Amino acid sequence: MKYKELIAQMTLEEKASLMSGKDFWQTQDIERLGIQSIFLADGPHGIRKQAVAADKLGLNAGVPATCYPTAATVANSWNVELGEKVGEYLGEEAISQKVNVLLGPGVNMKRNPLCGRNFEYFSEDPYLAGKMAASYIKGIQSQGISACVKHFAVNNQEERRMSIDTIVDERALREIYLTAFEIAVKEGRTKSIMSSYNKINGTYANENIHLMQDILRKEWGYQGVVVTDWGGSNDRVAGLLAGNELEMPTTSGETDQEIVEAVRTGEVPEEVLDKCVDRLLDLIITTESVYKRPRLDFNVEQHHRVSQKVAEESIVLLKNEGGILPLKFGKKVAVIGDFAKDARYQGAGSSIVNPTILDHTLDCFEESGIVSIGFESGFERYGRKNLRKIAKACALAEKADVVLLYLGLDEVTEADGLDRRSMQIPENQIDLLHALHKVNPNIIAILSCGSAVEMPWIGKVRGLLHGYLGGQAGARAILRVLSGDVNPSGKLAETYPLRYEDTPSYRHFPGNELTVEYRESIFIGYRYYDTADIDVLFPFGYGLSYTTFDYSDIKVGQMGVTFKLTNSGDRAGMEVAQLYVGCKSSDIFRPRKELKGFVKVFINAGESKMVTIPFDDKTFRYFNVKTNQWEVEEAQYTIMIGASSADIRLTGYLQVMGTGAPLPYEKEKLPSYYLGRVNDVGVDEFENLIGHKVPVATWDRSKPLGYNDTIEQCQYAKGAVARLAYHLIVFAYWFLRKIGKRSTANLIMMSVYHTPFRGIARMTGGVVNMAMVDGLLMMANGRFFKGLSHFMKERSRKVKADKLRQQNKGLA
Ligand code: BGC
C-alpha cells in the first residue's frame with residue numbers, strides 16, 4: 001500500500017467516512033490529517049459544475065463551460081489525436097473550475113439505436129470506442145486530474161437502468177461490452193471508473209465480483225478507484241467487498257456506519273477497507289494539484305474555436321447527388337428549419353453543459369459566403385403540425401436555387417433515464433420536406449441528432465449532411481462544410497439500418513420487467529448486418545468527401561498491413577481507412593468481419609501516401625468460454641482494408657498460429673449463431689449459449705415490495721395509497737406531455753417512476769434514510785398506519801442523531 005503510514009493514523013470511522021461522498025459532488029475530507037475533499041463533475045463533453053447554491057439533482061445550469069461536440073459526434077472523426085486534444089481542453093477547463101474528477105467519457109456500446117444516451121457514447125464497435133476513450137483519458141489526465149470512464153458495464157439502455165438485470169453470455173460480455181473499458185484501463189490508464197446501475201447476470205455491477213475483481217482488478221491490473229453511479233449503491237458492504245471505493249452521493253454517514261459495523265463483526269476484513277482507502281487516497285492526492293494551481297481562466301474564444309475544429313472533422317457527408325455540395329458561388333439559398341435559428345447541439349440530462357458562446361446558423365451565415373435569400377422556420381420544433389409554416393417555407397423555397405433544410409431531433413428526445421420511442425424524426429418535419437420537394441427538389445438536408453434515425457424520405461433530398469450534436473460551435477462548422485471551406489472527413493461510427501425492425505436486438509429491447517436478454521450475443525451493429533446479409537441505409541464506417549481516394553498495393557505481413565492511399569480527386573482531404581479481419585474457419589461462430597484498426601490520413605490532391613496499420617493483441621483474439629480466456633484460433637484470416645465496413649477496397653490473407661484451445665461450442669446446438677441470423681433466437685438456443693436457464697423475467701406480483709422494487713411496481717402494491725400514488729405519477733406524466741412539458745414529464749420518468757425504493761435513500765443526500773424507507777415500504781405493502789408511524793419515529797430519531805453529530809463536530 002502506498003499510504004500505509006497515513007492509513008495507520010486513521011480511526012476505523014475515518015476510513016469508512018472516505019468511502020462515501022460529503023455531499024452531491026465532493027468526497028469527505030479529514031482535516032486533522034490534511035486529507036482534502038475532491039470535486040467530481042460531469043461530464044463527457046464539457047464541464048457541468050454546479051454553482052454553490054445549485055440544486056442537488058443537478059437540474060440547474062452549471063458554471064459556463066465550452067460545450068464540445070458529444071462523444072457520438074467526435075467518434076465520427078476517427079481521429080484519436082483529436083480525441084486527445086478534446087481531453088486536454090476539457091482537463092484545462094476542469095482545472096479552472098477546480099474539478100478533480102471529470103465524469104467521462106462514456107464508452108457503453110450502442111446495442112440498440114433507441115438507447116437514450118447513445119449521443120453520449122462513441123460507437124457500436126468496441127475497438128473504435130476504446131481507442132477514442134483512451135485518447136480522451138490521456139488528454140484529460142495530462143492536466144493532472146482524473147477521467148472517470150463510465151458506465152461499467154453493460155448499461156446499454158436507460159429504461160429501468162437502476163433495476164434491470166442484463167443476461168449476457170460471457171463471450172459477448174468480453175468481446176463486445178468490456179473491450180472498450182479494457183482499452184480505457186490498459187491504454188488510457190484511467191484513474192477512476194464509474195460502476196453502472198444495472199445488474200449483470202444476476203448481480204449489481206457494483207457488487208459483481210466477476211466483473212470488479214476477476215476481470216477489472218486481476219485480469220486488467222486496474223489500480224484505480226471505482227465510483228458508483230449517482231445513487232447506484234445497493235448493498236454498501238457487498239460493494240466494498242467487490243472493491244468499490246466511493247459511493248456517491250452522500251448518504252449522510254448512513255452507509256459509512258454499515259462499513260464500520262461490518263469491519264467490527266469481521267464480515268469485512270480491515271485490510272479490504274484499507275486497500276480501498278489507499279486507492280482513494282491515491283486519487284485524492286494525485287489530483288490535488290488542482291487546488292494548488294492558481295485559478296486559471298481558460299481562453300474562452302480559443303476553446304470555442306477548438307470546439308469548432310472538432311465539429312468540422314466530425315461532420316459526415318451522407319449523400320451528394322450530382323455534386324450538389326459544396327455550394328457553388330452565387331447560388332441563391334433558402335434557409336429553412338427551426339434548427340437553423342436555434343441550433344441543436346447537445347443532449348439532455350447529466351451531460352448538459354451551459355455553453356460559454358453559442359453559434360446559430362443564421363448568425364454565422366454572412367461570413368460563410370453563401371448567399372441566403374431568407375429564412376423560414378417551416379415547422380414547430382416539438383412536433384405540432386403547422387400548415388401555415390409549411391406554406392411560408394414553400395413560398396420561400398420556390399424563389400431559391402437550393403434549399404438548406406435543417407432537420408433533427410428536439411432537446412428532450414435524447415436524454416438520461418429515457419430511451420427514444422422510435423427511430424423517426426418528427427412527422428411535421430417530414431411533411432415539410434415532402435411539401436418543399438414539390439416546389440424545389442434541390443434540397444440539402446442538414447441533420448442534428450445524436451443517434452441513428454430512419455430516413456424513408458432520403459429520396460427527397462439531393463444532399464445530406466449529418467452534423468450529429470456538434471457542440472457550441474457546431475452550426476458554424478456545418479456552414480464551413482456546406483461552403484466547401486472544409487472538406488468533410490467524418491465517417492459513421494454506427495450503422496444506420498433501413499428500419500428499426502431490422503436491428504438485431506429489436507425483439508429484446510428494452511427487455512422485460514426484470515431482465516433484458518442479449519440474445520443476439522456478439523452480433524451487434526455491423527457485425528450482425530454484415531454477417532446476416534441485411535441491407536442497411538448507411539453502413540458502419542461510411543462517409544463521403546469532396547474528393548476521392550484510391551487504395552492499392554496491399555502487403556500483409558506478420559506485424560501488420562501496408563497499402564497505398566491516393567487522393568485521386570481535385571482537392572486536399574482526409575480519409576479514414578479501416579482494417580477489418582475475418583476468419584476463414586467456421587469452427588467458432590464469428591462476425592464476417594470485425595474492425596481491428598484504423599487510420600486517418602491527410603493527402604493533398606493527386607498525391608499518394610503509404611500507410612501502415614499494425615496488428616495488436618486484439619487482432620486475432622476471441623474469448624473462449626471453455627478455457628475462460630482469450631485465445632487465437634489457428635486458421636487463415638482475411639485481412640481487409642475498407643473505406644467503410646461495406647466498401648472493402650483491398651484484401652489479403654494471413655495464416656495465423658493458434659493457441660491450441662479446445663473448441664468452445666457444440667455447433668449443432670447454436671444454429672442461429674453459426675449463421676449469424678440472431679434477430680429471433682429462441683430461448684432454448686439462448687440457454688444453450690449461456691449454459692443455464694434464463695432467470696424469471698417478470699415481477700412476482702404476489703410478493704411484498706422490497707428495497708429493489710421500483711416505484712413503477714406500486715401499481716400492484718397491496719397498499720391502496722401506493723397504488724394511488726402510482727396512478728397519480730402516471731397521470732402527471734401523461735398530463736405534462738399533453739400540455740407540452742415533455743422535459744418535466746421525462747424527469748418524472750427518470751427520477752421517480754423507475755427508481756427503486758432504496759434509491760429514495762441513496763439519492764436524497766441523507767434526508768431520507770433506509771430505516772425511513774422501511775416505513776415507506778410498510779405503507780406500500782398495506783400497513784399504512786404502522787408504516788407511517790415507523791417513518792415518523794425514524795425521522796425524529798434521525799433528526800436527533802444529526803443534531804448530536806453536528807454538536808460533536810462543533811466540539812471537535
Ligand atoms: C449518470 C452519470 C452521471 C451522474 C452524475 C447519473 O445519473 O448516469 O452518467 O455522471 O448521474 O450526474
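## Exercises on a predicted model

R189 sits in the loop that runs between helix 6 (170-186) and strand 5 (192-195). Keep in mind as you work that this model is predicted.

**Exercise 1. Find R189 and describe its phi angle.**

Step 1: Start from helix 6 (170-186) and move into the loop before strand 5 (192-195), where R189 lies.
Step 2: Read off phi, which is positive at about 50 degrees.
Step 3: Check the residue type: R189 is not a glycine, yet it has this positive phi.

**Exercise 2. Work out how helix 6 and helix 7 are arranged.**

Step 1: Helix 7 spans residues 209-219, and its axis is 12 Å apart from that of helix 6.
Step 2: The two helices pack at an angle of about 50 degrees.
Step 3: Helix 6 is therefore oblique to helix 7.
Step 4: For the handedness, the crossing of helix 6 past helix 7 is right-handed.

**Exercise 3. Do the same for helix 21 and helix 22.**

Step 1: Locate helix 21 at residues 720-738 and helix 22 at residues 742-753.
Step 2: Their axes are 7 Å apart, and the packing angle is about 155 degrees.
Step 3: Angles over 145 degrees count as roughly antiparallel, so helix 21 is roughly antiparallel to helix 22.
Step 4: Here the crossing is left-handed.

**Exercise 4. Locate the cis peptide bonds that lead into P105 and P510.**

Step 1: Go to the loop between strand 2 (101-102) and helix 5 (126-141), where P105 is found.
Step 2: The bond joining G104 to P105 is cis, with omega about 0 degrees.
Step 3: Next, visit the loop between strand 15 (496-497) and strand 16 (515-517), which holds P510.
Step 4: The peptide bond from F509 to P510 is cis too, and its omega is near 0 degrees.

**Exercise 5. Describe the surroundings of the ligand.**

Step 1: Begin with the shell, in which 14 residues surround the ligand. The closest are D42, R117, K150, H151 and D229.
Step 2: Sort the shell by type: 5 residues are nonpolar, 2 are polar and 7 are charged.
Step 3: Look at the side chain of D42, where an N or O atom is 2.5 Å from an oxygen atom of the ligand.
Step 4: Turn to D229, which has a polar side-chain atom 2.7 Å from a ligand oxygen atom. For the side chain of K150, the distance from an N or O atom to an oxygen atom of the ligand is 3.0 Å.
Step 5: Finish with the cover: on its own the ligand has 310 Å² of accessible area, and the protein covers 94% of this.

Technical notes: Residues numbered from 1 in each chain as written. Predicted model: local features only at pLDDT ≥ 70, side-chain atom pairs only at ≥ 80, totals over all residues. Heavy atoms only, no water. Near = heavy atom within 4 Å. Polar contact = N/O pair within 3.5 Å; in protein donor to acceptor, adjacent residues only side chain to side chain. Areas by Shrake-Rupley, 256 points an atom, 1.4 Å probe, with all protein chains shown as cover. Nonpolar A, V, L, I, M, F, W, Y, C, P; charged D, E, K, R; others polar. Axes fitted to C-alpha atoms, helices over the stretch in contact; angles between N-to-C directions. Helix = DSSP H or I, 4+ residues; strand = E, 2+ residues; numbered from the N terminus. Parallel < 35°, antiparallel > 145°, perpendicular 65-115°, else oblique. Left-handed = near helix turned anticlockwise from the far one by under 90°.
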